[in-house]
Amino acid sequence: VQLQASGGGLVQAGGSLRLSCAASGRTFNNFPMGWFRQAPGKERECISAISWNGISAIYADSVRGRFAISRDYTNNTMYLQMNSLTPEDTAVYYCAARPGGGPYCRGYDYWGQGTLVTVSS
């Protein structure tokens, strides 16, 4: 059972990136999922989560209106579209999944390895 996060990289302030979280080994199509990030010297924070059916989503105040979470059930993949990036968005981004309905920002059992996003000023 694996979650593979990808899509990170170096981008200038104001730019965009789309992160992907691909599941393998089992389907997570009936699991709520979430995106977290951890900046250097800071605790990991939940920035967005989506319900198992994709109908409900939540966002941290810091990203609401700039980031959009979605999922593709055909490809067993979750996405995070990130727009209007700022240097404060620089962090390692992680995806996660857990049983339940959701969306949730805690209690996750399955974690991806993280992908680094660096936003230059």
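The exchange below goes through the fold, the charged residues and the unusual backbone positions of a predicted model.

Trainee: How many helices and strands does the secondary structure come to?
Mentor: Read along the sequence, the pattern is β-β-β-β-β-β-β-β-β-β-β. The count for the protein is therefore zero helices and eleven strands.

Trainee: What is the radius of gyration, and is the protein as compact as a globular protein of that length?
Mentor: Along its principal axes the C-alpha trace spans about 40 × 25 × 25 Å. The globule rule gives 14 Å for 121 residues, and the value for this protein is close to that, so it is as compact as a globular protein of that length. The radius of gyration is 13 Å.

Trainee: What share of contacts between residues at least 6 apart in sequence joins residues at least 24 apart?
Mentor: Of the 121 residues, 42% count as buried. The accessible surface comes to about 6,000 Å², with 48% of it belonging to carbon and sulfur atoms. For the contacts you ask about, the share is 58%.

Trainee: Is Asp89 buried or exposed?
Mentor: Asp89 is found in the loop between strand 8 (77-82) and strand 9 (91-97). Leaving out residues up to four places away in sequence, it touches Arg37, Arg66, Phe67, Ser84, Val117 and Val119. Its relative accessible area is 1%, and the cut-off for buried is under 20%, so Asp89 is buried.

Trainee: Which residue in strand 4 forms a salt bridge with Asp89?
Mentor: Side chains of opposite charge can pair when their charged atoms come close. Here the closest N and O atoms are 2.9 Å apart. The pair links distant parts of the chain, 52 residues apart, with the partner in strand 4 (residues 33-38). Asp89 is buried and so is this partner, which is Arg37.

Trainee: How far apart are the closest N and O atoms in the salt bridge of Asp89 with Arg66?
Mentor: Arg66 lies in the loop between strand 6 (57-59) and strand 7, 23 residues from Asp89 in sequence. Asp89 is buried, and so is Arg66. The closest N and O atoms of this salt bridge are apart by 2.8 Å.

Trainee: Which residues are linked with Asp89 in a network of salt bridges?
Mentor: The structure holds four salt bridges. Asp89 forms one with Arg37 and one with Arg66. The network links Asp89 with Arg37, Arg66 and Glu45.

Trainee: Which residue forms a salt bridge with Arg64?
Mentor: The closest N and O atoms of that pair are 2.6 Å apart. Arg64 is partly exposed, with a relative accessible area of 48%. Its partner counts as exposed at 65% relative accessibility, and that partner is Asp61.

Trainee: How far from Arg71 is the nearest side chain of opposite charge?
Mentor: Arg71 lies in strand 7 (residues 67-72) and is buried yet has no salt bridge. A salt bridge needs the nitrogen and the carboxyl oxygen within 4 Å. The nearest side chain of opposite charge is that of Asp72, at 8.8 Å.

Trainee: Which backbone oxygens lie 2.7 Å and 2.9 Å from a polar atom of the Arg71 side chain?
Mentor: Beyond four places in sequence, Arg71 touches residues including Asn29, Phe31, Trp52 and Met78. Phe28 and Ser51 are also among those it touches. The oxygen at 2.7 Å is that of Phe28, and the oxygen at 2.9 Å is that of Ser51.

Trainee: Which peptide bond is cis, with omega near 0 degrees?
Mentor: The proline of this bond lies in the loop between strand 9 and strand 10 (110-111). That residue is Pro103. The cis bond runs from Gly102 to Pro103.

Trainee: What is the phi of Asn76, and what is the phi of Ser84?
Mentor: Asn76 is in the loop between strand 7 and strand 8 and counts as buried at 14% relative accessibility. Ser84 lies in the loop between strand 8 and strand 9 and counts as partly exposed at 41%. Neither residue is a glycine, and phi is positive in each. For Asn76 phi is about 55 degrees, and for Ser84 it is near 50 degrees.

Conventions:
Residues are numbered from 1 along each chain as its sequence is written. This is a predicted model: local features need pLDDT of at least 70, side-chain atom pairs count only at pLDDT 80 or more; totals for chains, interfaces and linings use all residues. Side-chain values use heavy atoms; hydrogens and water are left out. Helices (H or I, at least four residues) and strands (E, at least two) are DSSP runs, numbered from the N terminus. Buried means under 20% relative accessible area, exposed over 50%, partly exposed in between (1.4 Å probe, protein chains only). Lys and Arg count as positive and Asp and Glu as negative; His and the chain ends are not counted. A polar contact is a pair of N or O atoms within 3.5 Å; within protein, one must be able to donate a hydrogen and the other to accept it, and residues adjacent in sequence count only if both atoms are side-chain atoms. Contact means heavy atoms within 4.5 Å. The radius of gyration is taken over C-alpha atoms; the globule rule is 2.2 Å times the number of residues to the power 0.38. Accessible areas come from the Shrake-Rupley method with a 1.4 Å probe; for residues, only the protein chains shown count as cover.
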